[in-house]
Amino acid sequence: MSYILAFAGSNSSVSINYKLVKYTASLIKGQEVKLRDMSKYPFPMYSQDVENENGFSNSLVEFKNEITNAKGLIISVNEHNSYPSAYFKNTLDWLSRLDSKFLADKKIFLMATSGGGRGAIGALEVAEKMLARFQGTVVETFSLPKYGENFDEEKGITNEDLAKVFAAKLDSFVKAIS
């Protein structure tokens, strides 16, 4: 049985995007979900010199294999100055060195959240284009603005309108991979 792989684009141990991914993963019933905490994956900054000297880490190869074997991905990207974090971009850079089509045939539910009113929409839009370059298919996107006001770790999304939109998009993603 294949699984859904869920992770945030952040390497922060207190990532609100990881909390959103964890919540999302908890809602999926009847399917295996592998949740990955990227703060446990300290990939060095990509450079050809580092690649030539050290090759590819076991954790990178294992992560790429998990992506390959997943039937779908749930990703929530964090935002630094309207763009995805350097960590997320760096992870994609490393993965693309293993296989430039590492997302081929992968359906993705792409999310983002931030403390501000735009909900990391800039990072979300950029990440969607980045993932397409590696042949991933973003089935649905969701932006959660004002994380502190609209999310509770025990209850999930507390804004009723946002919760309805989120539920519909998650349902659409799950149907797309079933």
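Student: Quick one to start: which strands does helix H7 lie across?
Tutor: Helix H7, residues 160-177, lies across S1, S3, strand S6 (107-113) and S7. Keep in mind that this is a predicted model.

Student: And at what angle does H7 run to S7?
Tutor: H7 runs at about 165 degrees to S7.

Student: OK, what sheet are those strands in? What's the strand order?
Tutor: The order is S2-S1-S3-S6-S7, five strands in an open sheet with parallel pairing. Strand S2 (33-36) and strand S7 (137-144) are the edge strands, and each of them pairs on one side only. On average, neighbouring strands here are turned by 15 degrees against each other, ignoring direction.

Student: What holds strands together in a sheet, in general?
Tutor: Strands of a sheet pair through backbone hydrogen bonds, and the pairing can be parallel or antiparallel.

Student: Give me one pair from this sheet. How many bridges are there between S1 and S3?
Tutor: Five bridges, in the parallel sense, between strand S1 (residues 4-8) and strand S3 (residues 72-77). If you want a spot to look at, find Ala6, which stands opposite Ile74 in S3.

Student: Back to H7. Which of its residues are buried?
Tutor: Leu162, Phe166, Leu170, Phe173, Val174 and Ile177 are the buried ones in H7. Looking down the helix axis, those buried residues fall within an arc of 100 degrees, so they line one face of H7.

Student: What's on the face turned away from that?
Tutor: That face of H7 carries the exposed residues Glu160, Asp161, Lys164 and Lys175.

Student: Which residue caps the N-terminal end of H7?
Tutor: Asn159 does, with a side-chain oxygen 3.0 Å from the backbone nitrogen of Asp161.

Student: How far apart are the end C-alpha atoms of H7?
Tutor: They're 26 Å apart, and that agrees with the 26 Å that 18 residues should span at 1.5 Å a residue.

Student: Switching helices. Where is Thr24, and is it buried or exposed?
Tutor: Thr24 is in helix H1, residues 16-27. Thr24 counts as buried because its relative accessibility is 0%.

Student: What does Thr24 touch?
Tutor: Leaving out residues up to four places away in sequence, Thr24 touches Ile74, Phe109, Met111, Phe166 and Leu170. You've met some of those names already: Ile74 is the residue opposite Ala6, and Phe166 and Leu170 are among the buried residues of H7.

Student: Thr has a polar side chain atom, right? What lies 2.8 Å from it?
Tutor: The backbone oxygen of Leu20 lies 2.8 Å from a polar atom of the Thr24 side chain. Leu20 is also one of the buried residues of H1, and so is Thr24 itself.

Student: Which residue caps the N-terminal end of H1?
Tutor: Ser15, with a side-chain oxygen 3.1 Å from the backbone nitrogen of Asn17.

Student: What about H3, which residues are buried there?
Tutor: In H3 the buried residues are Leu60, Phe63, Lys64, Glu66 and Ile67. Seen down the axis of H3, they fall within an arc of 155 degrees, so they line one face of the helix. Asn58 and Glu62 are exposed on the other side of H3.

Student: What covers the buried residues of H3?
Tutor: The cover includes S1, S2, S3 and helix H4 (86-98).

Student: New topic: where does Met130 sit, and what does it touch?
Tutor: Met130 lies in helix H5, residues 121-133. Not counting residues up to four places away in sequence, Met130 touches Pro84, Phe88, Lys89 and Leu92. Met130 and Lys89 are 41 residues apart in sequence, with their C-alpha atoms 8.7 Å apart in space.

Student: Is Met130 buried or exposed?
Tutor: Met130 counts as buried, because its relative accessibility is 16% and the cut-off for buried is under 20%.

Student: Last thing: what's the phi of Asp105?
Tutor: Asp105 has a positive phi of about 65 degrees, although it is not a glycine. In general, most residues other than glycine have a negative phi. Asp105 is in the loop between H4 and S6, and Asp105 is exposed, with a relative accessible area of 70%.

Student: And what about Gln135, where is it and what's its phi?
Tutor: Gln135 is in the loop between H5 and S7, and Gln135 has a positive phi of about 75 degrees. At 40% relative accessibility, Gln135 counts as partly exposed.

Definitions and conventions:
Residues are numbered from 1 along each chain as its sequence is written. This is a predicted model: local features need pLDDT of at least 70, side-chain atom pairs count only at pLDDT 80 or more; totals for chains, interfaces and linings use all residues. Side-chain values use heavy atoms; hydrogens and water are left out. Helices (H or I, at least four residues) and strands (E, at least two) are DSSP runs, numbered from the N terminus. Buried means under 20% relative accessible area, exposed over 50%, partly exposed in between (1.4 Å probe, protein chains only). A polar contact is a pair of N or O atoms within 3.5 Å; within protein, one must be able to donate a hydrogen and the other to accept it, and residues adjacent in sequence count only if both atoms are side-chain atoms. Contact means heavy atoms within 4.5 Å. Two strands pair if DSSP finds at least two bridges between them. Axes are lines fitted to C-alpha atoms, for helices over the stretch in contact, and angles run from 0 to 180 degrees between N-to-C directions. The arc is that of the directions from the helix axis to the C-beta atoms. The expected span of a helix is 1.5 Å times one less than its number of residues.
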